[in-house]
Amino acid sequence: MIKIKHLLFVISALILACQSSEKNSSKASKTENKVVTKVDIADIETGIKAYIKNKTKEADGYFHVKDENKELRLKLVRVHTEYLSNLGPNRHFACVDLADENGDVYDVDFFMEGKPGAMDVTETTVHKLNGKPFYSWKQKEDKTWHRVPIESASNELLGVIEGEDEFEFYYETTLPKIENSAKVWIPIAQSDKFQDIEIKSMQMYGEDQILEEEKYGNKVLFLKLDKVDSEKKVRISYHVKRKEKSAYEEKGTDINQYLNENILMPVGTARFKEIVNEATAGMENDNQLIQARAIYDYIIDNMRYAKNIKYGTGDAVYACDSKTGNCTEFHSLFISLARTANIPARFAIGAGIPSDRNEGGINGYHCWAEFYAEGKWWPVDISEGNKYTALATYYFGRHPANRIEFTKGRDLIFEPSPKSSPVKFMAYPIFEVDGESIVSNAKFSFQRITDNSEKI
């Protein structure tokens, strides 16, 4: 079973990529923490939300942040609970997403002093704009941190671990409130030629069954629950060995199925044909590898990573029209355009594992794509290539080792099936209470296996 105390320690001990220059006092904080009880993570979240709310009321309905020579007027989007840290007595850190009137999302580093509900922010720094970082952080041997300009940052500081990675991965969801009965579907990661998956433990309730989806071979944990299971926590603990993925051959696959359209990913529309013709102009006689790179570059040049309105739905038409979205929009559009160009392409989803630290929370799911050319499948990660332009070439043809894949494909069908079937894609659970679909939740965390760590 996953130890709750261990997870809380992992989260509360974080000093992460969203951190400020006050990290250099972390050693003193650790000494102080030996004799002082840490504030609960939920209290820190409450405190930072209260601070932003109060400052917003005192101003003009916006939270003001100074960024170099201009002042930003922002609205709270969310506090990254996976990045909350207790740095010592009455000293806390939070990474916060705030949006301006134009829909741009700023990732702001907050350092606070004071007790929950009465915190004062000692420093704010804009770390990212629409997912693109202005700087990175590197930890020294003495455990203090210093800021690193993006142009000087190594691949590891930009999210890439090459070669191999090994880690424990923890998947947790809180079951819904149940009055009578409920059903839950949870994706289960599986081994393949690039990841070796071992399920260490599963904490679950009710009647359980492993379902297999026929088309892509995905598996889910299916639970039938009743009132006694209400609001309990389901936890799955994995041990993962992952290899960096590059172009590879795959036998026995029907390539042509990856030319067909999916729900929210049409193929061959007039607009998509126009974009393909524009992106590949002068390349009509070139091979599909060259044409795929042209489509990849078109999306990087024309899309903006931003979580506005319909983001996260995987709607290729919305991505095309709005030119914004998260990883699902970037890769849905790529797949639709590639297929329109007669290039087979497919979708997969899982989670990226932070490369600049060895334990802690993970900021939700991540998805990616592959296309088929020259007899091989070529991995791409366009949203990451968009964020880190220095790695745009790396992410055309490679996926780093620090990630875990949950499911492949789109429009998944399981039996028994949820009301939302076919499922567009699956990283988070699906909840149904008394036959009605409700919003689900999931929290991911990890601990990397290093030479100095013991396997759990």
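A salt bridge is a side-chain nitrogen of Lys or Arg within 4 Å of a carboxyl oxygen of Asp or Glu. This definition is needed at the first stop of the tour. The model on display is a predicted one.

**The whole chain**

Begin with the protein chain in a cartoon view. The chain holds eight helices and 27 strands. Of its 456 residues, 54% are buried. Colouring by surface adds a further figure: the accessible surface comes to about 20500 Å², and carbon and sulfur atoms account for 47% of that area. Consider also how the chain meets itself: among contacts between residues at least 6 apart in sequence, 67% join residues at least 24 apart.

**Stop 1: Glu 432**

Select Glu 432, which lies in strand S25 (residues 430-433). Which side chain of opposite charge is nearest to Glu 432, and how far away is it? The nearest is Lys 183, at 5.4 Å. A salt bridge has to fall within 4 Å, and Glu 432 has none, although it is buried. The side chain of Glu 432 does reach the backbone nitrogen of Lys 419, at 2.3 Å. Now display the surroundings. Leaving aside neighbours within four places in sequence, Glu 432 is in contact with eight residues that can be selected in turn: Ser 181, Ala 182, Lys 183, Trp 185, Pro 418, Lys 419, Ser 420 and Ser 437.

**Stop 2: Asp 97 and Arg 78**

The structure holds 19 salt bridges. For one of them, select Asp 97 and Arg 78, whose side chains meet at 3.5 Å, N to O. Asp 97 belongs to strand S4 (residues 91-99) and Arg 78 to strand S2 (residues 70-79), so this pair ties together parts that are 19 residues apart in sequence. Asp 97 is buried, with a relative accessible area of 8%, whereas Arg 78 is partly exposed, at 29%.

**Stop 3: Glu 172, Lys 233 and Arg 235**

Next, select Glu 172 and Lys 233. These two residues form a salt bridge, with their closest N and O atoms 3.7 Å apart. Glu 172 lies in strand S10 (residues 164-174) and Lys 233 in strand S15 (residues 233-243), so the pair ties together parts that are 61 residues apart in sequence. Is Glu 172 buried or exposed? Glu 172 counts as buried, at 12% relative accessibility, because the limit for a buried residue is under 20%. Lys 233, at 31%, counts as partly exposed.

Add Arg 235 to the selection. Arg 235 also lies in strand S15, and it is buried, with a relative accessible area of 4%. The side chain of Arg 235 makes a polar contact with the side chain of Glu 172, at 3.1 Å.

**Stop 4: Asp 192 and Lys 408**

Select Asp 192 and Lys 408, whose side chains meet in a salt bridge of 3.4 Å, N to O. Asp 192 is found in the loop between strand S11 (181-188) and strand S12 (195-203), while Lys 408 is in strand S24 (residues 403-408), so the pair ties together parts that are 216 residues apart in sequence. Both partners are partly exposed: Asp 192 has a relative accessible area of 28%, and Lys 408 has 32% relative accessibility.

Before leaving the charged residues, select Lys 245, Glu 250, Arg 346 and Glu 370, which are linked in a network of salt bridges.

**Stop 5: the nonpolar cores**

In soluble globular proteins, nonpolar side chains tend to be buried together. In this model, the largest nonpolar core has 76 residues. Which residues have the most contacts inside this core? They are Phe 169, Tyr 296, Ile 299, Phe 334, Phe 371, Ile 404 and Phe 406. Helix H7 (residues 327-340) contributes the largest share of this core, with seven residues.

Select Phe 371 and display its surroundings. Beyond its neighbours within four places in sequence, Phe 371 is in contact with residues including Leu 289, Ala 292, Phe 334, Ile 343, Trp 377, Trp 378 and Phe 396.

A second, separate core has 18 residues, among them Tyr 51, Leu 98, Tyr 106 and Met 112.

**Stop 6: Asp 356**

Finally, select Asp 356, in the loop between strand S19 (345-352) and strand S20 (359-362). Asp 356 is buried, with a relative accessible area of 17%. Add Val 160 to the selection: the two residues are 196 residues apart along the chain, and their C-alpha atoms are separated by 8.9 Å.

Definitions and conventions:
Residues are numbered from 1 along each chain as its sequence is written. This is a predicted model: local features need pLDDT of at least 70, side-chain atom pairs count only at pLDDT 80 or more; totals for chains, interfaces and linings use all residues. Side-chain values use heavy atoms; hydrogens and water are left out. Helices (H or I, at least four residues) and strands (E, at least two) are DSSP runs, numbered from the N terminus. Buried means under 20% relative accessible area, exposed over 50%, partly exposed in between (1.4 Å probe, protein chains only). Contact means heavy atoms within 4.5 Å. Accessible areas come from the Shrake-Rupley method with a 1.4 Å probe; for residues, only the protein chains shown count as cover. Lys and Arg count as positive and Asp and Glu as negative; His and the chain ends are not counted. A polar contact is a pair of N or O atoms within 3.5 Å; within protein, one must be able to donate a hydrogen and the other to accept it, and residues adjacent in sequence count only if both atoms are side-chain atoms. A nonpolar core is a set of buried Ala, Val, Leu, Ile, Met, Phe, Trp, Tyr and Cys residues joined through side-chain atoms within 4.5 Å.
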